[in-house]
Structures are given as structure tokens and as C-alpha cells.
Amino acid sequence: MSGPSIARTPADDRELKGVAALAEFRIGRLMIAMTYASVAVLVIGVALMVAAGISPLSGGPTFDASQLIAELTSMSPVGFLWLGLVIVIATPIVRVIGAAISYGLASQGTMVAIAVAILVVIVAGVAIAATGSV
Amino acid sequence: MPVGLVMLGGGAVAGAFGSLLGLGGGILIVPLLTLGFGLSLPEAVGVSLVSVIMTSSAAAGVYLERHVANLRLGMTLELFTASGALIGGLVAVAIDERLLSILFAGLLAYVAFTMARAPRAEHGPEIDSLDEHDDDSPLAPTLDRLSGAGYRVRNLGRGVVGATGAGVASALFGIGGGIIKVPLMNLAMGVPLRVATATSNLMIGITAAASAVIYLFRGEIDPYVAGPTAIGVFIGATLGSRLGHRIELRYLRILFVVVLLYTAFQMLMRGLK
């Protein structure tokens, strides 16, 4: 059972384009903020590394998300380095999530589907690598 | 820590070169870390991917704020670059490192060749004429939706194939893939150069992120190397973008071509050992 179809007017289209443009602006701001945040966290990590006399070629630990909070609270250099690197990698992914939300608000189903498909590819990569399938 | 300072400085030089010449910088980071610091190729690629994402995100944020990038086209192609990067990230472990070094040498030689002829090649449609063939195709409504003000996107099929290839190359070599994506969008898909450059920059982040997560969870990103290098690349790219208009790019381009060819030779020798 479907209700009466309501045709979209040019005014509706302009409003939706305005929503998308504003969302792009906000996503852009968020990306810049995340990039500077990651640089700041990495600088702290490198400063702690220098203070602890750790050589970059000494061989760092592998990433373990469950240890991150403990490493940060103990002011361990590797905690800040991992946090900075995770923010770096997360920035474009957050942009895709933001775009999916904004396209959803603008009723653009195809673009929402594309954004979700990109996220599925990323999650598949994480799942395959984390389970050691490769 | 002199090694850390050299790493940071090397990253800054790679970032500045990349920014001044329109490349991501990854093309120099991998040889720097493998030939200069003795890292394995997968470790160097993992660090390079992180650095590439960092410089791409900062620039992409500005492009989005100013509405220069075509987000719809970028996201559509991103689906294929990310898929290519996933494939490349999975395939990378199966390829012998010496073969990968030889392939990287080939990539460096290709980029050197492209840079050497760039002044003549950087032309593309500023305002595209309508493509009659595409008008008749079932993809015409999709192409309309992906087009921007003053230009019409065409050859989506070629774009999809090229974007997938760029994703595979990104994951294998730790590069952003702009060297493939910009000509693809500009020359094959009819996107103006300025929009193609901005859209490529936007796509680099998610392309590199798709394979960076694989390298991260496989334990091939060393935080002690990635931290100083990524900071260096960020500083270099920021300085490069501010100094670009004050530097004679012709001589810098020649120097870059020489550096690339020398590095290609060294990578080739590494692969043949």
C-alpha cells in the first residue's frame, strides 16, 4: 500500500543541494580538524619517544587496540603514536560516513548505497587482516 | 635521536617535493625508508600509506570547504579504488619482495617519464562537449548526476577500470595514485584539470586507508618509524603548498626526474640482488 506520490519541486531540489553543500563544508572542516589533531598527538608521541631515548629503528610493537587506553594513561610514547596513526587512517573513513549521512538527509539513495559499499570494503579489509586470513 | 631527525627531514623533503610537483610524496618515502634505513618493502609501504593519507586529508578538507572537488564522482570511483586497494593489500603478501622492488623501479621510471613531458601533457577539456555515444547509453542519467558545472563526465567504464588499477598500485607501492587518477579523470573522463586534481586528492585518502588498515592489522606499520616520517611529510607538504608560487618549478622538475631515475636504478639493483 503506497501513499500519494508527491513530485519534487525545483525549490525542494535547491534546498537539498543546499543541505549537501553545507554538509560538504562541515565535512571539510572536520577533516582539517582531525588532521591537525593527529599531528598534535603524533608530535606528543615523538617527543615522548625522544625523552625515553627510543630509536625509530628499534622495532616498534604491533597494534593492539585493547592496550591503547592503558598506554595513553601511562604516558607511553607508543600509545600516542598509535592514537595519532589511528586518527590519520580514520579521517577519510569519517568523511565517507559524514557523506553517507548528508546524502541520506538529502534523500539521495544511490550515493548512500555507494558510501555504505565503500565502508563494507574497508570493514572487509579489517576483518580479513585481523583474523589473519592473509 | 639523529636517525629520527633524518627520518623527519627526509619525510619533509618528500612531502615538499610531492606538494610542489602535485604528487603525494609516497613515491619518495618508500625508497627513502627501504634504501636509506633498510626497512622491508611492506613496512615502508605501510608507513608511506599513512603519510599519504595525512597530506591528502588536509588538502581534501580545504577542497571540500571550497566545493572544488566533485564529491559524487570521487565517491563513485572511490568504491573501485578501495576495492582495488583491498585486492592489492591482500596480494602484496604473496609477491616476492625482489619482484616488488623491480615493479617499483618501473613505476618510478614511468613517473620520471611523465614528469619530464608534463608541461606539454597537462591539457584536457576545460568545458567538455557532449559525448553523443554516452548520450545514447543507459548510463547517461548516471553520467548526468556525476557531472559538474560546465563539464560532462564521460567514459565511466574506463574510469572504473582505471580507478581499480590505481587502488591496486596504491596498496602495492604505498602511493596515493594521483599520477593515475588525475590523467584518467582529466583526459579520459572529461573532468577539468582543477576538479580532477581536487577529486583525486579526496580519493587518495580512502584508497590508502583501505590498504593501510590491512597493513596495520598485519603488524606492518611500525609506530616508531611512522610517527616521525608522517610529521615530516606533513611539515614538508605544508611548506611546499605555501612556497609553490615562489619557486621555479622547471628546475625542480628536472631535479626530481634525476632523483627518480637514480632511485629507480637503486630499486632495480635491490630487486636483482
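Visitor: I'd like to start with one residue pair: which residue forms a salt bridge with B:Glu65, and how far apart are the closest N and O atoms?

Guide: Happy to begin there. Side chains of opposite charge can pair when their charged atoms come close. Here B:Glu65 is joined in a salt bridge by A:Arg29, with the closest N and O atoms 2.5 Å apart. This pair crosses between chains: A:Arg29 sits in helix 1 of chain A, and B:Glu65 in helix 3 (residues 41-65) of chain B. Do keep in mind that this is a predicted model.

Visitor: What is the count of salt bridges between chain A and chain B?

Guide: The count between these chains is two, while the structure holds six over all chains. Another cross-chain case is A:Arg95 with B:Glu78, whose side chains meet at 2.3 Å, N to O. As for residue pairs in polar contact between chain A and chain B, with both residues at pLDDT 80 or more, the count is six.

Visitor: Which elements of chain A give two or more residues to the side that touches chain B?

Guide: Those elements are helix 1 (10-51), helix 3 (77-105) and helix 4 (109-130). Helix 1 of chain A provides the largest share of that side, with 17 residues. Sorted by class, the side of chain A touching chain B has 41 nonpolar, eleven polar and three charged residues.

Visitor: How should I read the size of the interface, and what area is buried between chain A and chain B?

Guide: The size of an interface is often given as the accessible area lost when the parts come together. For chain A and chain B, the buried area is about 4800 Å², and carbon and sulfur atoms give 81% of it. On the chain A side, A:Pro56, A:Ile89 and A:Arg95 supply 13% of the area that chain A buries against chain B, more than any other three residues. Counted by residues, 55 of chain A are in contact with 50 of chain B.

Visitor: Turning to chain B, how many helices and strands are there?

Guide: Chain B has 13 helices and zero strands. Its C-alpha atoms fill a box of roughly 60 × 45 × 35 Å along the principal axes.

Visitor: Why can chain B, with its 13 helices, be called as compact as a globular protein of that length?

Guide: The radius of gyration of chain B is 18 Å, close to the 19 Å that the globule rule gives for 273 residues, so chain B is as compact as a globular protein of that length.

Visitor: Where does pLDDT stay under 50 in chain A, and where in chain B?

Guide: Where pLDDT is low, the predicted coordinates should not be read in detail. In chain A, pLDDT stays under 50 over residues 1-6, for which the model has zero contacts beyond four places in sequence. In chain B this applies to residues 126-132, for which the model has 14 such contacts. Chain A averages a pLDDT of 86, with 84% of the residues scoring at least 70. For chain B the mean is 84, and 90% of its residues reach 70 or more.

Visitor: And what does the model score for ipTM and pTM?

Guide: The scores are ipTM 0.84 and pTM 0.85.

Definitions and conventions. Residues are numbered from 1 along each chain as its sequence is written. Chains are lettered from A and ligands numbered from 1 in the order in which they are written. Side-chain values use heavy atoms; hydrogens and water are left out. Contact means heavy atoms within 4.5 Å. Buried area is the accessible area (1.4 Å probe) that two parts lose on being put together, summed over both. A salt bridge is a side-chain nitrogen of Lys or Arg within 4 Å of a carboxyl oxygen of Asp or Glu. A polar contact is a pair of N or O atoms within 3.5 Å; within protein, one must be able to donate a hydrogen and the other to accept it, and residues adjacent in sequence count only if both atoms are side-chain atoms. Helices (H or I, at least four residues) and strands (E, at least two) are DSSP runs, numbered from the N terminus. Ala, Val, Leu, Ile, Met, Phe, Trp, Tyr, Cys and Pro count as nonpolar, Asp, Glu, Lys and Arg as charged, and the others, Gly among them, as polar. pLDDT is the predictor's confidence in each residue, from 0 to 100. The radius of gyration is taken over C-alpha atoms; the globule rule is 2.2 Å times the number of residues to the power 0.38.
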